[in-house]
Structures are given as C-alpha cells and as structure tokens.
Amino acid sequence: MKFFILLFIFTISLFASEQSAEKRVYASILKALFPEKTIVKVWSDKSEKGALFSKLDGVRVVAQKKDADILMIFGPEDIENCDKMIFANGYLVFRRSKGKAIGGFYWQKGRANLTFIKKNLEKEGIRLPKSLEKYVEDVE
Amino acid sequence: MKQLNIIYSFFVVLLLFVLVYLYVRLGDFELQAKKNIESVIIKNTSYFIENVEKNIKQHVKSNLYKSLKSNPQLRKELETNMGMLITPSFKYIYVLYRDSAGKYRYLLDGSKEEKGLFDMKFDIDTQAWDSVYLSKEKKIVTQDDVSSIWITTLYPIVYDGEVQGVIALDFSTSLFQYISKVLSPLKDIFLYVFVATFSLLVVILYQMFLQLKTKRESITDPLTKAYNRVYLRDLVEKINLYNYDVAMLDLDHFKKVNDNFGHDMGDYVLVNFVKLLQKSIRSKDIIIRFGGEEFLLFLYKEKKKESQATEVMQRVLKTVSQYNFVYENSSLQITCSAGLVKEAFKYNSVQQVIKKADERLYSAKSRGRNRIVESDISACVDRLSLGAVKQALDEERLLCHFQPIFTLSTKKIAKYEALVRLRGEGEKLYYPNQFLDTIEGTNVYRDLTKNVLEIVFEKIAEHQIAMSMNLNLSDIIDNSIYEMLIKELEASKSLAQFLTIELLEYESLANDILLDRIVAIKSYGVKIALDDFGSGYSNFSIFENLPIDIIKIDGSLVKNIDNSKTSYIIVESIARLAKRLGLVVIAEFVHSKAVLDVLEELDVRCGQGFYLGKPDILMPTGQ
C-alpha cells in the first residue's frame, strides 16, 4: 500500500515539476510571440493540455481554430492549409512540422528543449526578446 | 496500576527510541550504499567512456566535426558501437560539441530512444559542459533537475590540446531505485512497528490521562475543590505524622447561614472559605473537606524545626473573620473554630489524631467559638501532659490500688478491682481523670494498659484471688491493644480464669468483630462485666449481642437506694433481670450500712464501696 502511495506521490511530484516547468516555458513563449496582446487566444489539439494553457495569465483557450492566435499542436494535426501561427509540442511533431511551425518545445533525454525556427519567425515578422534569442535556429 | 502504566510507557518509549535509531541508521546505510554505488559507477563509466573515446580516435584522427559531418557511414558505425553500451542503467550515451555561438549540438548519439540528429541543438546544463571544455578534465554531474537521470559523466575528446567534443553518459536512476526498493520493505517494517508502538504509547498515555482525571475527580470535593474523604483514606495509609500537625476546622453557626440565606449562599460561603484557607496556608499544607462545614488541615512541619501550626491557624481564623462574604445583595461575616493537635506522631494512628482534633474543636466551640484549642488541659483539674505520663511510665511510677468486692451473703471478698494511679515526681498521686483523657488513643495509653495488666496478673499469681480491671470497649476494637491483651493472656494462661474485664463505654459499639474478640478473650476463662450499668444510654440489647457474665450497677443508682423509691425499683429490676439472665450483679457505691441492708434484701450478689472497703495500695489480708 505504502509503495503505491509513494509511487503516486512520486509520479504526481514529477508530473507537477514537469508541469510547472512547462507552464513557465509556455508563459515565456506566448509572451515573446505576442508582446502586445493582453489576452492570447490559444487552440490545442490535446484537451488536457488546454487545461494547462487556461491556467496561464493572459491566455484564453478557444474551441475553434479560427478564433485562435496560435495553434498548439501535440499530435498528427493537418496544418498544411492552416493560416494560423503554429507551435509544435513534442520532438516528432516538431520535426514533422518544421516547415510551418514557428518553433517547438519537447523533452529529450529528460531535458526540456526549445527551438524557434528563424525563417518562420521572419515570415511572421516576430522579433524575440534577447533572453530567447539563443533558442533561434536555422532549421532545414 | 499507575506504576504498571509508567513501566509500560518507559518500555514503549525505549522501543520508540530504538526504532528511530535503527530507522536513522538504515537511512545512513542507504546513503552510504548510494555513495558506494556512485563510486563504482564512476569507475565503470570512466572505463566505458575511455573505450568510446579510443574508438572515436581510432576512426577520426583529427578535426572531429568535419570528419563526422562528411562521413555519415562513420557516424552510423560509431553510434552502433556506442549503442552496444546501452543498458537499463546506462540510459543515454552521446557526443556533443560546442558551436561558435556557445550552443551544444550532437556529433553522435548512441541512444536507443530520443535519438538526436547530427548537428541538432541540445539544451543541456551548459555550465557543467563549459567547465569540461575549459578544464579538459572529465566531470561527474548529479542530475537533480533531470527526471529519470541520476548522474551524467562528461568526458572530453581532445585533439592537439583542444577539446573538440564531449562524451556524455547518462546513468539512469533505476539502480538506485532498485536499492531503495530492496531496502524499502525493511524500512516499511520499521515504520509500521514505529507507528504501532507510537499508537500504543498514545493509548497508554491517554489511559493514564483518563485515570489521573478520574482519580482527581474521585478525591476532590466537587463543590469546594478541596480534597475529600476518599483522599483522606489514601492519605491515612501513607502520611508520616512526624511531618504534620493536624487541625480540625469548622465554620461557626453555619447552619444559620443555610437557614437564613439559603443553600446557595451556604455553598458560596463554603467555596470562598476554602479559597481563603488556600490563601492562608502554605503550599505543603493539605485541606480536606471532612464533613458538611468541617475541614481537616494537615499542616506541614519541617523536621527539627519549630512547628508553625499555631501561627498558620491564627492567620486562618483572622483572614476568615475579616472577610465579607457577599452573594446576591446579601453579605455576612463568619468565624471559624479549630482544634489543633501538635506532635501528632505520639498518637498511634491518624484516626486517633483526627478524633483528638475533633474533640478539641468541640472544646473550642464550647468555649465561645472563633478560637483555636490545642491542648486538653483543663483550668480546674490538675492534669498530666502526655509527656509527663510517658515519663511516669518510663520511671515505673505507675501503680494500682485495689478495692475489694464482697459477696454480700457471706461477707467474704470475692475479688478486687484494680484501679490505676500515677505517682507524681513527689509523693502526689494522680487519678485516672487527671491523665486518661490526655493519653487516650496514643501509644502511651496502650503501654499503660499493658503495665496495669502485668500488675494485675502479678497480684493474681501472688494471692491466687480474682481481680478485675477496667477497659473501654473501644480498647478491644483497637488492634494494638487487643493484640497486646491476647499476648498477655497467652503468657499467663493459668491465671486468666481469675481475671474479670469491666467494660466501659459499651453503649453503641457492639459489632461482629467485637463479639469475635470478646469470645476469644473469654476462651481463656476471662469474665466480662458491664461497668456502670444503668447510667448513660445503657441498652438492654447488649445482652443479646455480647456474652456478658457480670453487670455492675452504677453508683448513682445505688447510693440513694435507701431513700429513693425510684432507685430502689430500678435496682430491684436490674437485679431481677440479671438473675433471670443468669448474670452476677455487683452494686457499686455501697457507702453505708443502710444501703448494704437494702441490697441484701434485694438479693444482690456482690457489693463494692467505701463502707465495705476503700481502694488501697496494699492487698488486704483479712476477709
């Protein structure tokens, strides 16, 4: 019984620490991408992540893609004909959508990794703050 | 029960300490095991990494980045070799380089999962990696912030004194978790035993708390919060009378308070009276509510120091008399009286001390109240103090006078009654009314009784004649006197048949223990007489309850028998009653021939009085 309780606490604490790291990262990303907006409207293809975004200050989760300022993609979402700003979440999603996505956030070997794609940033006319410039990459 | 709980608690606490100690030691062991494993891992990883470096350097002789970039096949081959090291413990092995912007990028990745691509950026803890670049030395990094990774070993690949890449080997937490898992049941056992033991301790402590609470409630008077008689019962068994003087205290005219102001006011007075007592006495003194408005005070006395009991009691009386009791628009002042017994240790039991304090309290009441009485010495009677009686016994100044008791029909002496006297330091004689009250209930009284009994047996042995002596019925109930009596009877078995014990104060004391004891005394051949029968509250049921042999008609009835018709009728009735019950009758106070004649006419068997013979120190020889 105690094992399961400890396992549960361990999982929760891991999940909580990852979640809080993620929250910090997403808050920074959204603030950097939309510095002028007081409310950023976010659409996500993963409902449980929607809950995470809704907890961020100045973020509203929307149900329709067309209402969103940015689409947070976690799965195999069709983004070819989408005219909205896209952010990839997860390594495979990032690699698959690097032509359209403005950047990606994923966990690799237990470490959080963040990459902004230079040409897509330029296409959107976004200039990132200095603290995030080190994450900008020329991704082919 | 309380002691048992304390012992249980002690062992449980001891067990808790042992468990905590073992638990801590187990934690230390776990930490030490972790350190040892760490050092073993570091050794092993160093060995593996050195091999990886060798392998890379065998294939790439210089310019690592360019060589690998230009040769994907070589990358694949090297990554395959590196991948062979991957185990559940060695989770990731990869080589990064630092680009001109200071970012770290993949050169090789032998990992089976989450594989990085050549030249792909990898966000890692750059500070540790930079330090390897700078120092060109291997580095061990404990990964507290990286989930599922325990430690990372960083190993520089150096060409011509320049670091061109760093090999990283991530060690997973699985082994450490395995160790923790192995130790976990042991820790669990400790934890469960600890919890169980702790729970037991809590239960014992709670039980002790309840016991103390119940005990406290049972020994406390609910109204005044003073101790009650249950507490007194326990105190009697353990108190050392050398350490206490004892006072009995009573509120004067308290009944009038209840009658005139109501019981609520009465209760209020009692509660505040106890508060005043508590303020006036010292911390080591004890207050016990003895009865309605009667309180017992045990006043602490330090050994070899002057008793302060009188001062304390005076303070109590003054404080109470000056206090104004105000309750619901009514106010009153009240006084109290006290009987004080100092040198309580001279009494043979606490009960005797309390009895004496009570007597003195009533003496204080009868002398006008609001006062303390601490001695029995009467102004009109030349009494001996307890110490003086004891000294007289020690110096063998006790003696007996013997008054003859005649058989009236034959005019012969049937027996003698032994009457105790004490000789003063001169030749002055002291009579029982001058010292018996003072010593009653003390060890001195028992010693005096023993001495009288010895003298009586001595005289019986010397003259082979019957003797009687006086005892209170309460003496038979008193264990120490009764035991002494039996011991003396046992020692003088053959003479016991000549002894008559005349019982005084027998009005209300008949009970089973007494009956058993009198039967036991009679079994030696001793005769039992009721002294002063017909006076006081003489109860005829005594003949039902006690095996009486003789009744002695009280002198107050006999002395006027020749003039008083009433006395005549009473004595006649008693004589007839005794005859029908088969008892011997002795008439006291035969002070004249006229009285003697009437007694003979009434067929009274025996007589005693100054007309027949006065008490004397010498045994009369004539009959």
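Here are some exercises with worked solutions on a predicted model that contains chains A and B.

## Exercise 1: Getting to know chain A

Find how many helices and strands chain A has, and in what pattern they follow one another.

**Solution.** Start with the count: chain A has 5 helices and 7 strands. Next, walk along the sequence and write down each element as you meet it. The pattern reads α-β-α-β-β-β-α-β-β-α-α-β. Now look at burial: of the 140 residues in chain A, 44% are buried. Finally, turn to contacts between residues at least 6 apart in sequence. In chain A, 38% of these contacts join residues at least 24 apart.

## Exercise 2: Where the two chains meet

Work out how many residues of each chain are in contact, and which elements of chain B supply the side that touches chain A.

**Solution.** Take it in steps.

1. Count the residues in contact: 26 from chain B and 20 from chain A.
2. Turn to area. The size of an interface is often given as the accessible area lost when the parts come together. Between chain B and chain A, about 1,800 Å² is buried, and carbon and sulfur atoms give 47% of that area.
3. List the polar links. There are 16 residue pairs in polar contact across the interface, with both residues at pLDDT 80 or more.
4. Ask where the chain B side comes from. At least two residues each are supplied by β1 (90–98), β2 (104–109), β4 (149–159) and α5 (174–218) of chain B. The largest share, 4 residues, belongs to α5(B).
5. Sort the residues on this side of chain B by type: 11 are nonpolar, 6 are polar and 9 are charged.
6. Count the salt bridges between the two chains: there are 4. One example pairs A:Arg111 with B:Asp170, whose closest N and O atoms are 2.7 Å apart.

## Exercise 3: Inside the nonpolar cores

Find which residues have the most contacts inside the largest nonpolar core.

**Solution.** The largest nonpolar core has 76 residues, and the ones with the most contacts inside it are B:Leu489, B:Ile521, B:Ile551 and B:Leu599. Helix α13 (residues 443–463) of chain B gives this core its largest share, 9 residues. Now zoom in on B:Leu489. Leaving out residues up to four places away in sequence, B:Leu489 touches B:Phe457, B:Ala496, B:Leu499, B:Ile521, B:Tyr524 and B:Val526. There is also a second, separate core of 65 residues, which includes A:Val62, B:Leu78, B:Met120 and B:Leu154.

## Exercise 4: Buried, exposed or in between?

Decide how B:Ser46 and B:Gln207 are classified by their relative accessibility.

**Solution.** First place B:Ser46: this residue is in helix α1 (residues 2–59) of chain B. The relative accessible area of B:Ser46 is 6%, so B:Ser46 is buried, because the cut-off for buried is under 20%. Setting aside residues up to four places away in sequence, B:Ser46 touches B:Ile41 and B:Lys138.

Now take B:Gln207, which lies in helix α5 of chain B. With a relative accessibility of 34%, B:Gln207 counts as partly exposed. Try a distance as well: B:Gln207 and B:Val182 are 25 residues apart in sequence, and their C-alpha atoms are 39 Å apart in space.

## Exercise 5: Following the salt bridges

Describe three salt bridges in chain B, saying where the partners lie and whether they are buried or exposed.

**Solution.** Over all chains, the total is 35 salt bridges.

- **B:Arg105 and B:Asp99.** Their side chains meet in a salt bridge at 2.8 Å, N to O. Both partners are buried.
- **B:Asp221 and B:Arg289.** Here the closest N and O atoms are 3.1 Å apart. B:Asp221 sits in the loop between α5 and α6 (229–238), while B:Arg289 is in strand β7 (residues 286–289), so distant parts of the chain, 68 residues apart, are linked. B:Asp221 and B:Arg289 are both buried.
- **B:Asp245 and B:Lys301.** The closest N and O atoms of this pair are 3.6 Å apart. B:Asp245 lies in strand β6 (residues 244–251) and B:Lys301 in the loop between β8 (294–300) and α9 (309–322), so the pair ties together parts 56 residues apart in sequence. B:Asp245 is buried at 1% relative accessible area, and B:Lys301 is buried at 11%.

As a last step, look for shared partners: salt bridges join A:Glu137, B:Asp99, B:Lys103 and B:Arg105 into one network.

How values were computed: Residues are numbered from 1 along each chain as its sequence is written. Chains are lettered from A and ligands numbered from 1 in the order in which they are written. This is a predicted model: local features need pLDDT of at least 70, side-chain atom pairs count only at pLDDT 80 or more; totals for chains, interfaces and linings use all residues. Side-chain values use heavy atoms; hydrogens and water are left out. Contact means heavy atoms within 4.5 Å. Buried area is the accessible area (1.4 Å probe) that two parts lose on being put together, summed over both. A polar contact is a pair of N or O atoms within 3.5 Å; within protein, one must be able to donate a hydrogen and the other to accept it, and residues adjacent in sequence count only if both atoms are side-chain atoms. Ala, Val, Leu, Ile, Met, Phe, Trp, Tyr, Cys and Pro count as nonpolar, Asp, Glu, Lys and Arg as charged, and the others, Gly among them, as polar. A nonpolar core is a set of buried Ala, Val, Leu, Ile, Met, Phe, Trp, Tyr and Cys residues joined through side-chain atoms within 4.5 Å. Buried means under 20% relative accessible area, exposed over 50%, partly exposed in between (1.4 Å probe, protein chains only).
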